[in-house]
Amino acid sequence: MPSSLPRTDLAIVGAGVSGCALAASLRRRGWRGSIELLEIGRGPGGRAATRYSRQDPDLRINHGAPLFNIRAQTPPELLQALEQREVISPFRGSIQSLDGQRSLGPAIDDGFSDGQLWQGRGGMDALAAGLLELAEAEGGVLSRRFGTLVRHLRPERSKTGLRWTLENSSGEALVEARWLVLSGTLLAHPRCQQVFGWDGIPLEQAAESLADPQLNAAQSQLASIEGQASCNLLLTLPPEQASAWLALPWQVLQCTPSAQERWGLRRISIQPLAGGRCAVVAESSPAFAAAHLHVYGSRSSAAQLLGAKPDPSDEKRVLDALTQALTDLSGQTLGDAPRQLMRWGAAFPLAPGLDPGHGCCPESAIGFCGDSLAGDGFGRIEGALLSAEDLATELMKQL
Ligand SMILES: Cc1cc2nc3c(=O)[nH]c(=O)nc-3n(C[C@H](O)[C@H](O)[C@H](O)COP(=O)(O)OP(=O)(O)OC[C@H]3O[C@@H](n4cnc5c(N)ncnc54)[C@H](O)[C@@H]3O)c2cc1C
């Protein structure tokens, strides 16, 4: 093992909302051990990230969650601090629904639109970035490594306790950690074998060597979580086209089941940009996404890291189908506006999720957070925040 291998008290895999919230929660509870955060993507946010462009500095598109709702009676503690730092603000846009006859109606209960509505200021990635700022403001070492795919988890027991070594796809050690937290399900799920062609499930392989019944239970529950996919069409409209979209009576349009069946779209959001432009994001229905699961957007971080070359003709076919559906549904012209595809293989976990009783496995020095933890906010940003706070409470007894 190279002597320069960084050592840390806690390695967190994933800088989505839950991974960043865990760092912030631990710091706010007074823990000052070292944290190493490893993330495949180019920046924080995960499924609540914002897409930027080097060529177009004013462009920002929320290509995952466009907003979030808080429904729990006791909201996440971090929410207030985020609001005070002006990282998030109330979402005041109008939400309406559209049925299969193209009739507009009031918002329907889709699980994402009731309770208090929030958005990241300047982009949804402000939420995760703001959580990291909150963590850093409290002190302690917090290293972040973006563009880094963790491929192998190697636990090793010794006289001094258990140590986790994390490795990349080439088998190079990235960090050695006293405790490990997985904030996404990829490393525990057979999806990683289907998507990346891996020969095993990293957490399953690690669990086999540790023989810890609690970790085995956590691993098998995580591995059995089904996820719904989403193919998102991202459009950037110039001012002459954007004005008609910005004048619509809604900023978020939910498609009822009959509309989803007709157009293959689930939800549309209009995201204003500087200079009178706007982005329009059309999220596909689960059925559309399931039928096009093999088609990646050419900007997929994981595909780029693994050297996968998305087929441009496949991508164009999916983009054409989504563009046609959006044109037909909205009656608006889209012309030759720049468009991109964002394909989320596991956008929304399906219940039951991971039993929170297995969220922290002290014998194996590993914990789990994220929207896949069963409980309030399951499958949503609220759940990502709450699960991180719950795990921080448990870790404070262990770290
Ligand atoms: C299209 C879409 C729309 C949505 N709309 C809403 C909404 O309106 N309201 C709402 O509340 N929620 C919404 N959600 C869900 C919401 O985005 C998630 O609940 C939330 O972002 C989950 O955060 P998380 O930290 O649990 O997981 P993630 O955001 O998935 O974070 C996990 C992170 O881990 C990283 N990672 C995983 N494996 C590895 C590895 N091996 N190595 C390195 N990094 C790794 C991933 O890249 C990712 O950044 C939406 C999601 C999608 C996709």
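This is a short walk through a predicted model, stop by stop, with something to select at each one.

**Stop 1: the two domains**

Start by colouring the chain by domain. Domain 1 takes in residues 7–49, 128–225 and 350–396, while domain 2 covers 90–111 and 227–349. Each domain is therefore pieced together from separate stretches of the chain, so select every range before you colour. If you put a marker at the C-alpha centre of each domain, the two markers sit 30 Å apart.

**Stop 2: where the domains meet**

Now show side chains along the boundary. On the domain 1 side, 20 residues are in contact with 15 residues of domain 2. Between them the domains bury about 1,400 Å², with 62% of that on carbon and sulfur atoms. Which residues of domain 1 lose the most area to domain 2? Select R42, R47 and L350: together they account for 40% of what the domain 1 side buries.

**Stop 3: a cis peptide bond**

From L350, step along to A351 and P352. The peptide bond joining A351 and P352 is cis, with omega at about 15 degrees. Zoom out a little and you'll find P352 in the loop between β18 (339–349) and β19 (360–361).

**Stop 4: a residue with positive phi**

Jump back to R102, in the loop between β7 (95–98) and β8 (104–106). What is the sign of phi at R102, which is not a glycine? The angle is positive, about 70 degrees.

**Stop 5: β9 and its two partners**

Select β9, residues 116–120, and add β5, residues 68–70; the pair runs antiparallel over 3 bridges. For a landmark, pick N69 and look across to L117 in β9, which stands opposite. Next add β6, residues 88–90, which also pairs with β9 in the antiparallel sense, again over 3 bridges. Here the residue to click is P90, whose bridge partner in β9 is W118. While the strands are on screen, turn on side chains: in a regular strand they alternate between the two faces of the sheet.

**Stop 6: a hairpin**

Move on to β11 (residues 152–158) and β12 (residues 161–167), antiparallel strands joined by 7 bridges. The hairpin between β11 and β12 turns through 2 residues. Label P155 and then W164, its bridge partner in β12.

**Stop 7: the largest cavity**

Finish inside the protein. How many cavities of 30 Å³ or more turn up in a search of the whole structure? There are 2, and the largest has a volume of about 60 Å³. To see its walls, select L182, S183, G184, T185, L222, F368, C369, G370, D371, S372 and L373. Colour that lining by class and you get 5 nonpolar, 5 polar and 1 charged residues.

Note on methods: Residues numbered from 1 in each chain as written. Predicted model: local features only at pLDDT ≥ 70, side-chain atom pairs only at ≥ 80, totals over all residues. Heavy atoms only, no water. 1 Å grid on protein atoms, 1.4 Å probe; cavity = no way out; pocket = protein on both sides within 12 Å on 5 of 7 lines; lining within 4 Å. Points joined across faces, edges and corners; volume = space filled by probe spheres on them. Nonpolar A, V, L, I, M, F, W, Y, C, P; charged D, E, K, R; others polar. Pairing = 2+ DSSP bridges. Helix = DSSP H or I, 4+ residues; strand = E, 2+ residues; numbered from the N terminus. Contact = heavy atoms within 4.5 Å. Buried area = accessible area lost by both parts, 1.4 Å probe.
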